Amino acid sequence: MAGSTLAIVWETGMDPMLYASTNGQTPKVGLAQALMQGQAPDKGLYLPVAIPRFAPGELRSLRDRSYPEIAAAVLAKFASRTFPPETLEVMCREAYDFDVPIERVDDRRHVLRLDRGPTASFKDFAGRMMGQMFGRLRRDTPGRLVILTATSGDTGSAVAHAFYRIPKIEVMVLFPPAEVSPRQRKQMTTLGENITAVGVEGKFDDCQALVKQAFTDPTLAGVQLTSANSINIGRLLPQIVYYVYAAVRLAPEGPILFSVPSGNFGNMMGALLAARMGVPVERIIVATNRNDEVPRFMETGRYEKIVPSRHCISNAMNVGHPSNFARVFSLFGGWLDETGTVRRMPDMEGMRELLWASSVSDEETRETIRRAWQERRLLLEPHGAVGWLGLERYLGAHPSSAVAVCVETAHPAKFPEEIERLLGFTPEAPPSLAELEQKDERFLTMPADYGAFHRLILDTYRP
């Protein structure tokens, strides 16, 4: 069957330095080509053809290493043919020059705070490493590379800051103005220079569809295009690292639970790949907002996109058809194409054994923020609250002695109005957010129309 090859190679010892499309209709490529293409030519997403595993004792040996050292060790398993280990070490030191706190809530539950980077979002972890990768790959390459990215909140700002002023690279960020917070918007619209921000009159899914169509448009062949969305393998690989980091710090021999707020499913894919590499994961809790297409699929076995996606206060998760779910399908032997059509069902038993999904409403999100603060002085923002309630629900239904980690994906100060309404105070903003108030914004607007987007690309970047 066409597209079946990817599903049967995970445990065959093939080369993890090669990458294959989830649609299985295009040749395998090396990491550099996968990075530059973003989406595969057959509209699938790249995954390593084999998942490397940690050697016995390797996780414990990483326990006292710094975050950059752990990152270099993990990424070398996928990327050392493209970036030599000593180069990777330098890249990781430059990318990860901020704290990665693990906040203890009680004897077993912790919050992994991925909000201390320059844009106060977990997207900094992948964005800054992609900036390192692309910057090095483009040093001796003629012409400029144009990165197209769609965002529902934090991706755009992280990508914009990661690639800001990098030579030979231009960035165009598409975002739905009505669905991003003022601070999220300003992180994209106050940079200028090689960063072009575009407000699209529509939803995140409209922005994502425009970007995907541009990648397969032969009339744009004269413009070197790639993506920094989580469709790009360069976004996915660095997201494995913080799950390894949390596991080796808290439970190198396991078991460990991860609760992951999930929208486009790149973050959750990092946890899934960490588990496949040998991190002793008992379960991954997939916590979504009311865009519940994946929880419903896990329950019924029927995948039904939500069009248009539902607007929720956890705005970075307002995704009705998550691109990365195609990768989840592939890891469990299935095939979900780019349109959301199930071409081959995955191993549902295996998927349900590792993944547990739950959908959280806005009302439940707000109540979780209130309760976490009042009962535990645990300060959460909407995305982290979705993850925290997902974890509470799971533990209520499946008592476990495992160490539990909830992933906090954004700084609460990115949502000051919501926190003020719920808790009666405004979270103190880190310097990277506080200084935004004095900066001027500049961005374009356009309808959710591919013809208009096509003209904008050519007018902006045509050689």
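In this predicted model, helix α11 covers residues 293-300, and its buried residues are Glu293, Val294, Pro295, Phe297 and Met298. What do the buried residues of α11 pack against? Their neighbours are two strands, β11 (281-288) and β14 (355-359), plus two helices, α12 (325-331) and α13 (348-354). Right after α11 comes glycine 301, with a positive phi of about 80°.

Strand β11 and strand β14 turn up again around helix α15, as part of what covers its buried residues. The cover also includes β5, β10 (256-261), α14 (362-376) and β15 (403-408). Helix α15 itself runs through residues 382-397, 16 residues in total. From its first C-alpha to its last it reaches 23 Å, close to the 22 Å expected at 1.5 Å a residue. Is α15 largely enclosed or open? Buried means under 20% relative accessible area, and 12 of the 16 residues of α15 are buried, so the helix is largely enclosed by the rest of the structure. Among the buried ones are Pro382, His383, Trp388, Tyr394 and Leu395.

Trp388 leads on to histidine 110, since the two are in contact. Histidine 110 belongs to strand β5 (residues 109-113), and with a relative accessible area of 8% it counts as buried. Its side chain gets to within 3.4 Å of the backbone oxygen of arginine 108. Leaving aside residues up to four places away in sequence, histidine 110 also touches Ile102, Glu103, Arg104 and Val105, then Leu250, and further along the chain Val403, Ala404, Val405 and Cys406.

Now for the rings. The model holds 20 aromatic pairs. One of them joins tyrosine 450 and phenylalanine 453: the ring centres are 6.4 Å apart and the planes meet at 70°, so this pair is edge-to-face. Where do the two residues sit? Both are in helix α18 (residues 450-461), 3 residues apart, which is about one turn of the helix. Both are tucked away as well: tyrosine 450 is buried at 15% relative accessibility, and phenylalanine 453 is buried at 0%. Elsewhere, Tyr67, Tyr96, Phe98, Phe125, Tyr242, Tyr243, Tyr245 and Phe258 make up one aromatic cluster.

Some rings have a charge for company instead. Arginine 276 lies over the face of phenylalanine 332, 5.0 Å from the ring centre. In another case, the ring of tryptophan 335 has the charged end of arginine 343 sitting over it, 4.4 Å from the centre.

Conventions:
Residues numbered from 1 in each chain as written. Heavy atoms only, no water. Phe/Tyr/Trp six-rings, centres within 6.5 Å; stacked < 30°, edge-to-face > 60°. Helix = DSSP H or I, 4+ residues; strand = E, 2+ residues; numbered from the N terminus. Buried < 20%, exposed > 50% of the residue type's maximum accessible area, 1.4 Å probe, protein only. Lys NZ or Arg CZ within 6 Å of the ring centre and 35° of its normal. Contact = heavy atoms within 4.5 Å. Polar contact = N/O pair within 3.5 Å; in protein donor to acceptor, adjacent residues only side chain to side chain. Expected span 1.5 Å × (residues − 1).
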